[in-house]
Amino acid sequence: MESEITFENINLFLKNYPHKKDSCPHNFTKDFEQIGNMSDNSYGFLSYLDFKTEDQNEVFIGSYPYNSAKLWKCKECNYLTFSYTNDSGWGQLVPLKIDFNKEYLTEPANKSVSIKPINILEFVELFGLTELISPENISDYPGTKLISKNKTSIFRYKIQKTKSGDTINFEIVANRDLLRKIAAYEQKQ
Ligand SMILES: [Zn+2]
């Protein structure tokens, strides 16, 4: 594998990549090798929320299913493609064509959060997510959402009963710095 391309350097890499046209009758995945991975394991379990951007010049790959996309290069002509896992069927690996004229957004991102009820007030105080005080207003989130850049949103609030005690679960959309801080808080509860 070549130097690993990640969500952090993907746009710079695509911008400077010299082989923007496919020029051989390649077959995915047979003729390709993986050279990058858009996964980010730095903030724990990822969410299954599905987002898109309203800007035609952007492709959003910060959320499921593209947040774990892989980057592949044709060994013959060096043409690039993403792949992601289509798990509506049999978990098939499918190519996602790259448009070199577009920007690939990787922020905000999202994650599933699990907080003990006893900690929820402290959590709100630390992170300012006051929606959690009136959870009846939190959306259930049907379908695909348009992303609002730089905005933090909470969806799918529910209280889960487990043997070791209840947990408050929700999905959050935010920048990765905040998601990492929340993941650290989850760990030390
Ligand atoms: Zn090729």
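This is a short walk through one protein model, from its overall layout down to a few odd backbone spots.

Okay, hi everyone. One thing up front: what you're looking at is a predicted model. Let's start with the big picture. There are 3 helices and 11 strands in the protein. If you read from the N terminus, the order goes α-β-β-β-β-β-β-β-β-α-β-β-β-α. The C-alpha trace spans about 60 × 35 × 30 Å along its principal axes. Of the 189 residues, 25% count as buried. And if you take the contacts with a separation of 6 or more, 65% of them are between residues 24 or more positions apart.

Now, domains. The assignment gives domain 1, residues 10-105, and domain 2, residues 109-188. Their centres, taken over C-alpha atoms, are 28 Å apart. How many residues of each domain are in contact with the other? It's 17 from domain 1 and 17 from domain 2. On the domain 1 side, those residues split into 6 nonpolar, 7 polar and 4 charged.

Next, the core. The largest nonpolar core has 31 residues, and Ile61 and Ile172 have the most contacts inside it. Seven elements aren't worth reading out in full, but those giving two or more residues include strands E4 (70-74), E8 (109-115) and E10 (153-160), plus helix H3 (176-188). Which element gives the most? That's E11, with 4 residues. This core also takes at least three residues from each of the two domains. Let's zoom in on Ile61 for a second. Skipping neighbours within four places in sequence, Ile61 is in contact with Met38, Tyr66, Asn67, Ala69, Tyr104, Leu105 and Thr106.

On to H3. H3 has 13 residues and runs 19 Å from first C-alpha to last, close to the 18 Å expected at 1.5 Å a residue. Its buried residues are Arg176, Leu179, Ile182 and Glu186. Why do they sit on the same side of H3? Because they cover an arc of only 115 degrees around the axis. As a reminder, an α-helix has 3.6 residues a turn, so residues three or four places apart point the same way. The buried residues of H3 pack against E8, helix H2 (120-127) and E11. Over on the other side of H3, Asp177, Ala184 and Lys188 are exposed.

Let me also show you Phe32, which is in strand E1, residues 32-37. Buried or exposed? Phe32 has 21 C-beta neighbours inside 10 Å, so it counts as buried. Leaving out residues up to four places away in sequence, Phe32 touches His26, Trp72, Lys73, Cys74 and Lys75.

Last bit: the backbone oddities. Most residues other than glycine have a negative phi, and most peptide bonds are trans. Here, though, the bond from Phe28 to Thr29 is cis, with omega near 5 degrees. Thr29 sits in the loop between helix H1 (10-16) and E1. Another cis bond joins Tyr64 and Pro65, with omega about 0 degrees, and Pro65 is in the loop between strand E3 (58-60) and E4.

Then phi. Tyr141 has a positive phi, near 70 degrees, and lies in the loop between H2 and strand E9 (145-146). Arg156 has a positive phi too, near 55 degrees, but the place of Arg156 is in strand E10. With 16 C-beta neighbours inside 10 Å, Arg156 counts as partly exposed. Tyr141 is partly exposed as well, with 17 other C-beta atoms within 10 Å.

That's it from me, thanks.

Notes:
Residues are numbered from 1 along each chain as its sequence is written. This is a predicted model: local features need pLDDT of at least 70, side-chain atom pairs count only at pLDDT 80 or more; totals for chains, interfaces and linings use all residues. A nonpolar core is a set of buried Ala, Val, Leu, Ile, Met, Phe, Trp, Tyr and Cys residues joined through C-beta atoms within 7 Å. A residue is buried if 20 or more other C-beta atoms lie within 10 Å of its own, exposed if 12 or fewer, and partly exposed in between; C-beta atoms are placed from the backbone. Domain bounds come from an automatic or database domain assignment. Two residues are in contact if their C-beta atoms, placed from the backbone, lie within 7 Å. Ala, Val, Leu, Ile, Met, Phe, Trp, Tyr, Cys and Pro count as nonpolar, Asp, Glu, Lys and Arg as charged, and the others, Gly among them, as polar. The expected span of a helix is 1.5 Å times one less than its number of residues. The arc is that of the directions from the helix axis to the C-beta atoms.
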